[in-house]
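Colleague: Could you take me through one part of this model in detail? Start at the surface and work inward, and give cut-offs as you go.

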Amino acid sequence: MSVTIAMDSVPKPAPELIEAFRSASTSVISDNLARLPGAVGLRPFHRSGRLVGVAFTVRTRPGDNLAIHKALELVGPGDVIVVDGGGDESRALVGEIMKNIAEYRGAAGYVIDGAIRDVAAFAASDFPCFARSVIHRGPYKSGPGEINVPVSIGGSVISPGDIVVGDEDGVVSFPAAIAPSLLEAVRAQTRREEETLVAIREGRYQGSYGKS
């Protein structure tokens, strides 16, 4: 079966704008997106480090990774390979070899609504990978699939070119068009929370956090 490619590459905002979100926690980003977006049920499998980049999306038949192999021929630096595998946990969609291919291509990491395998290789690496689960059973490679179309990841719609951020708490994404205003709001909340922590340590806390 065929793999449909909507775009060979995705548009990217200025690198410094993307990089500015590296210090932003997913929880604070989510708070400033009305606490609505965000993939549910995914967790990090890599050793450490944040995921920051631009969504290069893949939709595939559950348990089949042909479209991911096609995507790996196209991805470039800063791309986050975002895979809609339908949440299927019966077969692994990527493993150590596909991790190394993505890393060699300069990709920023994986976000997979499905399972992975060779988990020890991910656990020993700082190459970001967020997925739903682990299983030893390998995938089919017959398709069909789609590349760079809107996908659903753990209940969150992610479009090609969206900015994707991941940390220990999970994964959140948002359109690049709102990134400047969102970054300003995230920085303001981060400052308020830092001030609250100082107030707690100094015995001056008056309960303001419960009203925000």
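Modeller: Start with a nonpolar patch on the surface, formed by Leu197, Ile200 and Tyr205. Together these residues have about 280 Å² of accessible area. Patch members have over 30% relative accessible area and no salt bridge; nonpolar side chains join within 5 Å, like charges within 9 Å. A salt bridge puts a Lys or Arg side-chain nitrogen within 4 Å of an Asp or Glu carboxyl oxygen. Areas are Shrake-Rupley values with a 1.4 Å probe.

This is a predicted model, with local features needing pLDDT of at least 70 and side-chain atom pairs pLDDT 80 or more, while totals for chains, interfaces and linings use all residues. Residues are numbered from 1 along each chain, and side-chain values use heavy atoms, without hydrogens or water.

Tyr205 sits in the segment after α6 (179-201). Its relative accessible area is 36%, so Tyr205 counts as partly exposed (buried is under 20%, exposed over 50%, partly exposed in between). Helices are DSSP runs of H or I with at least four residues, strands runs of E with at least two.

Now go inward, to strand β3, residues 51-60. Nine of the ten residues in β3 are buried. Just how is β3 paired with strand β4, residues 79-84, parallel or antiparallel? The two run parallel, and six bridges join them (pairing needs at least two DSSP bridges). Val58 of β3 has Val83 as its bridge partner in β4. The connection includes helix α3, residues 66-72. Together β3, α3 and β4 make a right-handed β-α-β unit. Right-handed means a clockwise path over the helix, seen with the strands pointing away from the viewer.

Val58 also has a partner in strand β10: Ile147. β10 covers residues 145-147 and runs antiparallel to β3, with three bridges between them.

Stay with β4 for a moment. Asp84 lies in that strand. Its relative accessibility is 10%, so Asp84 counts as buried. The Asp84 side chain reaches the backbone nitrogen of Gly86 at 3.0 Å, inside the 3.5 Å limit for a polar contact between N or O atoms.

Arg50 belongs to the loop between β2 (43-44) and β3. With a relative accessible area of 31%, Arg50 is partly exposed.

β3 also pairs with strand β13, residues 163-167. This pairing is antiparallel, over four bridges. Val54 has Ile163 as its bridge partner in β13. Val52 stands opposite Val165. β13 is mostly covered: five of its five residues are buried. Side chains in a regular strand alternate between the two faces of the sheet. In β13, Ile163, Val165 and Asp167 point one way. Val164 and Gly166 point the other way. Every one of these side groups is buried, whichever way it points.

β13 then leads into strand β14, residues 170-174, through a hairpin of two residues. Five bridges join β13 and β14, which run antiparallel. Asp167 has Gly170 as its bridge partner in β14.

A separate item is an open sheet of three strands, ordered β5-β7-β9, with parallel pairing. β5 (92-94) and β9 (133-134) are the edge strands, each pairing on one side only. Strand β7, residues 115-116, is joined to β9 by two bridges. Ile116 stands opposite Val134 in β9. Back to Arg50: Arg50 and Ile116 are 66 residues apart in sequence and 19 Å apart in space, C-alpha to C-alpha.

Methods:
Buried means under 20% relative accessible area, exposed over 50%, partly exposed in between (1.4 Å probe, protein chains only). A polar contact is a pair of N or O atoms within 3.5 Å; within protein, one must be able to donate a hydrogen and the other to accept it, and residues adjacent in sequence count only if both atoms are side-chain atoms.
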